[in-house]
Amino acid sequence: MKFKGLIGSSIVAMAVATPAYAQDSAETERDAFGGEIVVTAQRQAERLQDVPIAVSAFSSEALEAQQIKTPSDLQLTLPNVTFTKTNFTGASFTIRGIGDLCVGTTCDSATAIHLNGDPLFSTRLFETEFFDLERIEVLRGPQGTLFGRNATSGVVNVITAKPKLGTFEAAAEGEYGNYNSIKGKAMVNIPLGDTMGLRVAGIYLNRDGYTKNNFLNTRIDDRDLYSVRGSFRWEPSPDTTVDLLASYFHERDQRTRIQKQLCQRDPTGILGCLNNRLDNSPFNGNATFTAALTSREFLAIRGIPQAFALGSLYGTDVYANTTIPKDARTVNTAYTPSYFTSELTLQGQIEHNFGPIALQVSGQYQKVKLDASQDYNSNVGNRALYATGLATLQAAANGALGAAFTPYFAPVAAAIIPNGPTGQLCTSLAEETGQGVYGGNAICSAQSLQFDRSNQYNSSWSAETILTSDFDGPFNFLLGGIYADYHLTENSYYVNAFPIDYLTGVLGAFTAATNPASAGGPLPPSFLGTPFFRNNTDDLKITSYGLFGEAYFEFSDRLKLTAGLRYNNDKKSVTARSTLASFLVPHSLTGDIFASPFVGSFDADPGTPGNQIIQARSVKFNKLTGRAVLDYKITDDNLLYASYSRGYKSGGINPPLQPIFAVPESFRPEQVDAFEIGSKNTFGNGALQLNVTGFYYKYKDLQLSKIVARTAVNDNVSADIYGFEVEGIVRPDPDWVINLGFSYLHTKVTDDKFTSNPRDFGGGRSDAVIIKDITNAANCAVASSSGSVAGVNAYVNQIQTLINTGAIPGVAAGANLQPTTAFPSDGGIASRGAFSICSVMEATAATVGQAFGGIQYFSAGIPVNIKGNQLPQAPNYKFSTGVQYTAHMGDLTLVPRFDLAYTGESYGSIFNGNVNRIKGYAQVNAQMQLNGPDEKWYVKGFIQNLFNSASVTGLYITDQSSGNYTNVFTLEPRRYGIAAGVKF
């Protein structure tokens, strides 16, 4: 029996443009035009057509022929697979509707990414373009008993090209394309005697930006990267192989994480964006945290002179008269993005054959750094609206409020408007001390800047052992164990904005200067720290181990049973906190703001008695899973199989919130019961290859994320998933290759699940009022207990009167809050809305509300039932086709190829609806390659995304205190160019 093809050997090329170069003399090749390429690296292998798993594989030649240069390209060919960038520098590889819908540092990936069979953690592997690979395998469905890192959706295994012993080889390719793109790839294989070999490969890419920034007349979203890899192989005996690998990836450029921000503008400012569609319109800036806390209304309830306000929540917002370019790759921004990432990977593997038993021991180490920043609102606001407030601040700094106040306001003005109210505006940099602009860490501009920063530093290592048998009898087995250790030492998400610096300085000055005598009188001149939003994971440790195995029993030469089990154990511990204008920091303090004498008022963990400087949480999970497969060979070229498998992904810990909302501290593990039937067939001696798979998944506790209080919070839902996949290769003669693929997918939330829609906190109810809290810009909602539309609106209007007249303890009079107002009729919002104070609503709903038919208060919005909704990133259908012909011209060959891929409609949010709809899209690629004699050189021309479609691959809905706009992610634009290469 031959089983090791599952764990260490190549499978099959989907299509190739040129003959594959064998990695080893023992390797065989069926034909050069998409046929099976069987690799026997350890003397045992399985053909893809003999493996009872839904798996697609691409040789290096297939990747080149189909222009699969990045993971985003990979999705276009694979059935029921999608790929999109996500909001916080990550990506989601979704297989059969299951992807990385969980957002946060403690989330595991649903799709396990492996390099040479070893699992990767927080990898940037997919940031680079593919180079010098042996193949890429994509396995669909839970794979815990075959791969060491369990996953619920599947596995992407990237296998690098290994050194060839006894042979010198070299190859190089240069490419030039539009956007002034320059790319080079090279490889050299050096034999070191008869038993050792060294292989070094690398790639360099530099191109101009895809996106035009009209405001600065620059281009952004460029690439400047390189990656190098060295591999060493030693075969001291025919039974022993030692492989070592070192890889380094580096990128520093102005790449953007988010392509565009879309919004159906809300004229009321209570939501920022409406709930019906996505327009190229600016969101209403009055919906934001910065607008709320610098507004006349907020300053009034704090007893601060309204002349310090930067505007009114009922007035013109800073984006009111701006336009959003319709072109997906054109923006207006005053802030230039930055992007840096690097990854070091070290691997080692020893394989030894003891005869009927083989042992493989492998291990790896990773170190990853990431730092990215870009304009938070992708727009340029009108700073003229700030004129009165800035002039008032300067006057206060000059003594207009009296000499006693000057020391409080002078450092504020000096820090944020050093050249006066009409000069440059200085904004805090996103930095670790928390001082920001008040510690001299600033960026100054004529515009009011607003930007974010996402950074992460982590390291990990893992060790894995696999024992396999190759007995002559009917029974064989695979046993394995893995231990992994992941340590994250920094993960922060910052939001910086000039108005935040302004409000933390002004509010800090007033808070310190007016501290009542009963509390000790005036405090030292201070600002409120941090002068930016920072959600910080200070430390995260994850340890995981798994024991897994499979047994194989052949009832006959045709019928085989596979049974496997896996035990997984995960431990996660994290310390984290979230800060924004959280406590007073004296201007005289230098260094870390947590050394402030007033930090005792800050509580990072309200769930623990007393004030905590940081939140600490730990969780543990363990699970026993497994699979069973029965496969039957009708003939040597026709296979039927049926399988059941259970997948598992551990749960995690939700980050701390500010302001505090009632959300679960942790989220549960995922579990999927997967049923699959399939048939793999080869007809006409390879003229037709046809594989068909059907599947049904019963999903429990699928992890989903949404933004609450500027932070990603995760929850669980249950779902059913079913569909089928068809993959075919047609070869009418050796010079033609036709690839065909089709998939259908149905997903549905199966259980009653009530959760609030961040786009509509009124839950679709007309007897509700959505509140924008003027103290923090969060939304809450109140609703009638008796279904009275008039009653709930009258209640809110009564509360507004109480606030305006100073009848609420601790709230000064004079806010002039307005009655409830209607949203536009085409906005998808049935409720009315109002600017008010949520804590007052919460305190009065049960008492004052009785007079209005009863009132219910909802701090996190009115929940709606999402039962029956489709899962995000799960298009109902996909199809692809590719046609390739090889024309022989003496010693030369000319190979044209054409590829078409269509991805159907899907949703970007579990709440579905038109506003979350992602339209289906097509992409067309073409290329023509001229190959020299014996394939020693080639020249090719290529074009990707022929029709230059700006297809959206994913959505992300931001927080209400940011304006509820939607970030979208797109495919790359049309790219074309020429390339030439040589091989020695």
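**Exercise 1. Helix 6 against helix 8**

Determine which residues of helix 6 meet helix 8 in this predicted model, and how the two helices cross.

*Solution.* Step 1: identify the residues that meet. Helix 6 contributes Gly-389, Leu-390 and Leu-393, which meet Phe-498, Tyr-502 and Val-506 of helix 8.

Step 2: consider the axes. Those of helix 6 (residues 387–397) and helix 8 (residues 498–513) come within 12 Å and cross at roughly 40 degrees. This angle makes helix 6 oblique to helix 8, because the roughly parallel class is reserved for angles under 35 degrees.

Step 3: assign the hand. The crossing in which helix 6 passes helix 8 is left-handed.

**Exercise 2. The disulfide of Cys-426 and Cys-444**

Establish which strands hold Cys-426 and Cys-444, and state whether each cysteine is buried, partly exposed or exposed.

*Solution.* Step 1: confirm the bond. Cys-426 is joined to Cys-444 by a disulfide with an S to S distance of 2.0 Å. The value about the S-S bond is 100 degrees, and the link of Cys-426 and Cys-444 is right-handed.

Step 2: place the partners. Cys-426 belongs to strand 21 (residues 425–428) and Cys-444 to strand 22 (residues 442–445), so the disulfide ties together parts that are 18 residues apart in sequence.

Step 3: compare the accessibilities with the cut-off. Cys-426 has a relative accessible area of 3% and is therefore buried, since buried means under 20%. Cys-444, with a relative accessible area of 33%, is partly exposed.

**Exercise 3. The remaining disulfides**

State how many disulfides the whole structure holds, and describe the pairs Cys-263 with Cys-273 and Cys-780 with Cys-838.

*Solution.* Step 1: count. A search of the whole structure yields three disulfides.

Step 2: examine Cys-263 and Cys-273. Their sulfur atoms lie 2.0 Å apart in a disulfide. The link of Cys-263 and Cys-273 is left-handed, with -120 degrees about the S-S bond. Cys-263 and Cys-273 are 10 residues apart, and each is found in the loop between strand 17 (260–262) and helix 4 (289–293). Cys-263 is buried, as is Cys-273.

Step 3: examine Cys-780 and Cys-838. The sulfur atoms of this disulfide are 2.1 Å apart. The torsion about the S-S bond of Cys-780 and Cys-838 is about -100 degrees, so this disulfide is left-handed. The pair links distant parts of the chain, 58 residues apart: Cys-780 sits in strand 39 (residues 779–784) and Cys-838 in helix 10 (residues 838–844). Cys-780 and Cys-838 are both buried.

**Exercise 4. A five-strand sheet**

Give the strand order of the open sheet of five strands and name its edge strands.

*Solution.* Step 1: read the order. The open sheet runs 3-8-9-6-7, and its pairing is mixed.

Step 2: find the edges. Strand 3 (55–59) and strand 7 (118–119) each pair on one side only and are the edge strands.

Step 3: inspect one pairing. Strand 6 (residues 111–115) pairs with strand 9 (residues 154–160) in the parallel sense, over five bridges. Thr-111 stands opposite Gly-154 of strand 9.

**Exercise 5. The surroundings of Thr-562**

Is Thr-562 buried or exposed, and which residues is Thr-562 in contact with beyond its neighbours within four places in sequence?

*Solution.* Step 1: locate the residue. Thr-562 is part of strand 27 (residues 559–579).

Step 2: classify. The relative accessibility of Thr-562 is 2%, so Thr-562 counts as buried.

Step 3: list the contacts. With its neighbours within four places in sequence left aside, Thr-562 is in contact with Glu-550, Ala-551, Tyr-552, Arg-627, Ala-628 and Val-629.

Note on methods:
Residues numbered from 1 in each chain as written. Predicted model: local features only at pLDDT ≥ 70, side-chain atom pairs only at ≥ 80, totals over all residues. Heavy atoms only, no water. Disulfide = S-S within 2.5 Å. Helix = DSSP H or I, 4+ residues; strand = E, 2+ residues; numbered from the N terminus. Buried < 20%, exposed > 50% of the residue type's maximum accessible area, 1.4 Å probe, protein only. Pairing = 2+ DSSP bridges. Axes fitted to C-alpha atoms, helices over the stretch in contact; angles between N-to-C directions. Parallel < 35°, antiparallel > 145°, perpendicular 65-115°, else oblique. Left-handed = near helix turned anticlockwise from the far one by under 90°. Contact = heavy atoms within 4.5 Å.
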